[in-house]
Amino acid sequence: MTSPETPQTPPRPSVVRVVRDQKKTVVVALVLVVATYWIAGQLGEWRLAACIAAGIGLGLLNHLVTEFWLLKLISSGEEPTRSKIAVSTFIRLAALSVVAVAIAVMFWPDGIGLLLGLAIFRLIALVMTGIPLLKELNKA
């Protein structure tokens, strides 16, 4: 005799859970920061290395905030709408852009490294999230 399955409640969203779930992304970001200091440091460009590392850090922060928001949305049980997703994404990216450009201008010309670090991290994060999705689509 089998017992009826009880519906599982989704886990509560927490920052620790998001960081644990995104462990590979965090490790990649740390490797990128170390590589940045390793390469730019040997060239004597410490300020540029710091700006690139800050861009990677901003990209990681954006990635983790996005994952936390998605986890919170899923665990709330409410149905996400396109407009809600679009507004949240727009606000987050607008804030990220303002902060990134402000820091880039403050530390110009080395500040352009911040935008470079942000772009590099976004590209790598996109590939890291896209590969498992493509593998799943190939199975179907």
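Author: Buried means under 20% relative accessible area, exposed means over 50%, and partly exposed is in between (1.4 Å probe, protein chains only). Before we dig in: this is a predicted model, where local features need pLDDT of at least 70 and side-chain atom pairs count only at pLDDT 80 or more, while totals for chains, interfaces and linings use all residues. Residues are numbered from 1 along each chain as its sequence is written, and side-chain values use heavy atoms, with hydrogens and water left out.

Reader: OK, let's start with charges. How many salt bridges are there?

Author: To count, a side-chain nitrogen of Lys or Arg has to sit within 4 Å of a carboxyl oxygen of Asp or Glu. Arg-17 with Asp-21 passes, and so does Arg-47 with Asp-110. By that rule the count of salt bridges is two.

Reader: What is the relative accessible area of Asp-21?

Author: Asp-21 pairs with Arg-17, their closest N and O atoms being 3.9 Å apart. The two residues lie four apart in helix 1 (residues 15-21), about one turn of the helix; helices here are DSSP runs of H or I, at least four residues long, and strands are E runs of at least two, numbered from the N terminus. Arg-17 counts as partly exposed at 24% relative accessibility. Asp-21 is partly exposed too, and its relative accessible area is 47%.

Reader: And the other bridge: how many residues apart are Arg-47 and Asp-110?

Author: The closest N and O atoms of Arg-47 and Asp-110 are 3.9 Å apart. Arg-47 belongs to helix 3, whereas Asp-110 is in the loop between helix 4 (82-106) and helix 5 (112-139). That pair links distant parts of the chain, with a separation of 63 residues.

Reader: Which of the two is it, then: is Asp-110 buried or exposed?

Author: Its partner Arg-47 counts as partly exposed, at 43% relative accessibility. Asp-110 has a relative accessible area of 18%, so the verdict for Asp-110 is buried.

Reader: Anything odd in that loop? Which peptide bond is cis?

Author: Look at Pro-109, in the loop between helix 4 and helix 5. Omega is near 5° for a peptide bond there, and the cis bond runs from Trp-108 to Pro-109.

Reader: Now the packing. At what angle do helix 2 and helix 3 pack?

Author: Helix 2 covers residues 23-42 and helix 3 residues 46-76, with axes 8 Å apart. Axes are lines fitted to C-alpha atoms, for helices over the stretch in contact, and angles run from 0 to 180 degrees between N-to-C directions. The two helices are therefore roughly antiparallel (over 145 degrees; under 35 is roughly parallel, 65 to 115 roughly perpendicular, the rest oblique). Their angle is about 170°.

Reader: How many charged residues are in the contact of helix 2 with helix 3?

Author: Contact means heavy atoms within 4.5 Å, and the helix 2 side includes Val-26, Leu-32 and Tyr-37, meeting helix 3 residues including Trp-46, Ile-52 and His-63. By class, this contact has 13 nonpolar residues and four polar ones. Ala, Val, Leu, Ile, Met, Phe, Trp, Tyr, Cys and Pro count as nonpolar, Asp, Glu, Lys and Arg as charged, and the others, Gly among them, as polar. The charged count in this contact is no residues.

Reader: How far does helix 3 reach from its first C-alpha to its last?

Author: Helix 3 has 31 residues, with 45 Å expected at 1.5 Å a residue (that is 1.5 Å times one less than the number of residues). Just after helix 3, Gly-77 takes a positive phi of about 85°. The reach of helix 3 is close to the expected value, at 44 Å.

Reader: Which residues does Gln-22 contact?

Author: Gln-22 is in the loop between helix 1 and helix 2, and it is buried, with a relative accessible area of 13%. Leaving aside neighbours within four places in sequence, Gln-22 is in contact with His-63, Leu-64 and Glu-67.

Reader: Last one: which helices are among those covering the buried residues of helix 5?

Author: Helix 5 has 28 residues and spans 41 Å, close to the 40 Å expected. Its buried residues are Gly-113, Leu-114, Gly-117, Leu-118, Phe-121 and Ala-125. What covers them includes helix 2, helix 3 and helix 4.
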